[in-house]
Amino acid sequence: MRTPPEALSEILARAAPLDEELVSLSDALGRVLSRPVRAGRSLPPWDNAAMDGYAVRAREVVPGVPLTVQGVVAAGQVGPPLAPGSALRIMTGAPLPEGADAVIMREEATEEGGRVRFVRSPRPGDHVRRRGEDVAEGSEVLAAGAEIGPGEVGLLAALGRTLVEVHRRPQVSILSTGDELVPADRPLGPGQIVGSNAHALCAQVVQAGGLPRMVPFLPDDPEALRVGFGAALQADVVLSSGGVSVGEFDHVKEVLVGLGVQQHFWQVAMKPGKPLSFGTRQGVLVFGLPGNPASSMVSFELFVRPALRRMLGLPPSAAVRPRVPVRLRTPLQPDRRRVHFVRARLERASDGVLWAQPAAQQGSGMLRSMVGIHALLEVPPGEARLEPETELIAHLLVMV
Ligand code: AMP
Ligand code: MG
């Protein structure tokens, strides 16, 4: 049996960034760069006005002494060179005219009859945005392994990069095993339940940046499982739920072995989600998640998501959820032997402290324990009840 950190490092050691593909900028959000991006141009591309006002030669400006207004330069125009003893009215973003070295804000100027006076003298460079002050041409602006967010999209667009090299998204087959499972749109017969895990796991895969493919539910029959898993292995990752514990009809483990999947471990010392099988076949990662809905989702968060994020191209440190210290709001009884990942809501107090309120019901079959939560609290095993204000580590599922 592995501890959670052992299991995670074993999984991450076998998950590598997938090969590269070229995507258009409009499809790049959430993807991870497979190579660094160098700036093919400077930003801004030329010196320009940071304010609406007057372009001047700083040394020619004496407070109260008028200069001739030579004309106006709008954004998108290139003005004439600045004549001696003159000022050019200029708009934000317009290129700084040749000869000018400062911009004086309109609010500090009085224009009358083609002449303008200023309240005070500027220093050279005032209200001027220099060529390359944001990005210097030729410099590396984004590193390989960087996730593309809205800011990165804007920067790439400004650099004229409409195609970017990113890692492929992992394709994830999602299998559900169990004679009792029916699709969500069917009425329930005696003993049947909806196989909701497939839907929850699909959503988790999408949220992690993967491409889910749902496979029809499989009965607890070794031959059917062999066929189903055989087809599902045509993917980067296989996720199955159910059939990995020690019940009489839990055939998943032996079926995987029969298909040549090399098994690395079967169990993790945690709650919920002790049954968790992890194996590989020729680079395909195969996770056998427990059937209980909360167990399957918690196991996904802790072990599958980091693997998917790594395959997407993120470095291992960025593939896992952020961990932060929080304080318990209400008392909590730890499990005696296993670390318990307690589903909780977080609330930030005005002094910055994050208070954790565990969901009322923590059973591994309780779907509601996964609703409206912000974090998984890592509760070490122990005998003594944890009192309010106890500090714990929270794995953040959302930014709070
Ligand atoms: P198992 O891991 O197959 O022993 O299943 C453990 C529990 O999870 C049982 O109560 C199953 O009915 C339930 N379960 C198994 N698979 C699913 C699924 N796909 N969706 C919802 N519940 C499931
Ligand atoms: Mg089952």
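The C-alpha centres of domain 1 and domain 3 lie 66 Å apart in this structure, which is a predicted model. The domain assignment from which these two are taken divides the protein chain into four parts: domain 1 covers residues 4-18 together with 169-319, domain 2 covers 20-43 together with 133-167, domain 3 covers 48-129, and domain 4 covers 323-396. Domain 1 and domain 2 are thus each assembled from two stretches of sequence, whereas domain 3 and domain 4 are each given as one.

The secondary structure of the protein chain consists of 7 helices and 26 strands. The radius of gyration is 30 Å, well over the 21 Å that the globule rule gives for 400 residues, and the chain is therefore more spread out than a compact globule. Taken along the principal axes, the box that the C-alpha atoms fill is roughly 95 × 50 × 40 Å.

Turning to contacts and surface, one finds that, among contacts between residues at least 6 apart in sequence, 71% join residues that are at least 24 apart. Buried residues account for 47% of the 400 residues in the chain, while the area that the protein chain exposes comes to about 18800 Å², of which carbon and sulfur atoms supply 53%. As for charge, the chain carries 42 positive and 42 negative charges, and the mean positions of these two sets are 2 Å apart.

Two individual residues allow a closer look at the fold. Ser 24 belongs to strand β1, which runs over residues 20-24, and these residues fall within the 20-43 stretch of domain 2. Which residues does Ser 24 contact, once its neighbours within four places in sequence are left aside? The partners are Thr 162 and Leu 163; of these, Leu 163 is 139 residues away from Ser 24 in sequence, and yet the two are 4.4 Å apart in space, C-alpha to C-alpha. Both partners fall within the 133-167 stretch of domain 2, so that the contacts of Ser 24 join the two stretches of that domain. Ser 24 has a relative accessibility of 26% and so counts as partly exposed.

Gln 263 is placed in strand β18, which spans residues 262-267, within the 169-319 stretch of domain 1. Is Gln 263 buried or exposed? Its relative accessibility is 19%, and because buried means under 20%, Gln 263 counts as buried. When residues up to four places away in sequence are not counted, Gln 263 touches Leu 256 and Val 257 on one side of the sequence, and Ser 277, Phe 278 and Gly 279 on the other.

Key. Residues are numbered from 1 along each chain as its sequence is written. Chains are lettered from A and ligands numbered from 1 in the order in which they are written. This is a predicted model: local features need pLDDT of at least 70, side-chain atom pairs count only at pLDDT 80 or more; totals for chains, interfaces and linings use all residues. Side-chain values use heavy atoms; hydrogens and water are left out. Helices (H or I, at least four residues) and strands (E, at least two) are DSSP runs, numbered from the N terminus. The radius of gyration is taken over C-alpha atoms; the globule rule is 2.2 Å times the number of residues to the power 0.38. Buried means under 20% relative accessible area, exposed over 50%, partly exposed in between (1.4 Å probe, protein chains only). Contact means heavy atoms within 4.5 Å. Accessible areas come from the Shrake-Rupley method with a 1.4 Å probe; for residues, only the protein chains shown count as cover. Lys and Arg count as positive and Asp and Glu as negative; His and the chain ends are not counted. The place of a charge is taken as NZ of Lys, CZ of Arg, CG of Asp or CD of Glu. Domain bounds come from an automatic or database domain assignment.
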